[in-house]
Amino acid sequence: MKKYLMVSSTKYIKTLGRKDIFIKKNFNFINDKKYLTLKKLSKIKPKYIFFPHWSYKIHSNIYTNYQCVGFHSTPLPYGRGGSPVQNMIARGFKKTKICAIKITEKIDGGPIFLKR
């Protein structure tokens with residue numbers, strides 16, 4: 001069975017880990033950047049690593065060895081960088097899009113998988 005990893009520092013994502021659907025789908029969770037290591041990942045062996053609500057830099061040895069998908073709350077490439085929701089509000093936007101992107105060396109600059 002394929003394994004997946006969800007990496008997020010928010011408490012909301014952590015509570016999702018307790019939901020049956022994620023357990024059945026073989027999701028693992030990391031909520032602290034100190035546990036995001038190659039040693040830990042080699043034990044989990046995830047097919048994909050998802051990074052919702054993650055504001056820390058991801059080391060290149062992780063995104064070059066694993067398929068890493070980040071999420072950004074602006075219609076990229078517009079709005080690249082930190083505090084995307086706050087910046088959209090400050091610019092007068094009432095709605096935004098979320099993008100699923102491939103994690104690369106360029107922050108918020110990888111190929112866009114999905115924009116909704």
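Let's start with Thr 74, which is buried at 1% relative accessibility. Buried means under 20% relative accessible area, exposed means over 50%, and partly exposed is in between (1.4 Å probe, protein chains only). This is a predicted model, where local features need pLDDT of at least 70 and side-chain atom pairs count only at pLDDT 80 or more, while totals for chains, interfaces and linings use all residues. Residues are numbered from 1 along each chain as its sequence is written, and side-chain values use heavy atoms, with hydrogens and water left out.

So where is Thr 74? You'll find Thr 74 in the loop between S4 and helix H5 (84-90). Helices (H or I, at least four residues) and strands (E, at least two) are DSSP runs, numbered from the N terminus. Leaving aside neighbours within four places in sequence, Thr 74 is in contact (heavy atoms within 4.5 Å) with Gly 79, Arg 80, Pro 84, Met 88, Thr 96, Lys 97 and Cys 99.

Pro 77 also lies in the loop between S4 and H5, and a cis peptide bond with omega of about 10° joins Leu 76 to Pro 77.

Now step into strand S4 (residues 67-72), the home of Gly 70. Gly 70 is buried, with a relative accessible area of 3%. Apart from neighbours within four places in sequence, Gly 70 has contacts with Phe 51, Cys 99, Ala 100, Ile 101 and Ile 103. Phe 50 is 20 residues away from Gly 70 in sequence, yet the two are 6.0 Å apart in space, C-alpha to C-alpha.

Next, a look at two residues with a positive phi.

| Residue | Phi | Loop | Accessibility |
|---|---|---|---|
| Lys 45 | about 55° | between helix H3 (38-44) and strand S3 (48-51) | 61%, exposed |
| Ser 83 | about 50° | between S4 and H5 | 42%, partly exposed |

Lys 45 has its positive phi although it is not a glycine, and Ser 83 is not a glycine either.

Finally, the rings. The structure holds 10 aromatic pairs. Rings of Phe, Tyr and Trp (its six-membered ring) pair if their centres lie within 6.5 Å; planes under 30 degrees apart count as stacked, over 60 as edge-to-face and the rest as tilted. Phe 27 and Phe 29 have ring centres 6.5 Å apart and planes at 35°, so this pair is tilted. Phe 27 is buried at 18% relative accessibility, whereas Phe 29 is partly exposed at 24%. Ring pairs also link Phe 27 and Phe 29 into a cluster with Tyr 4, Tyr 48, Phe 50 and Phe 71.
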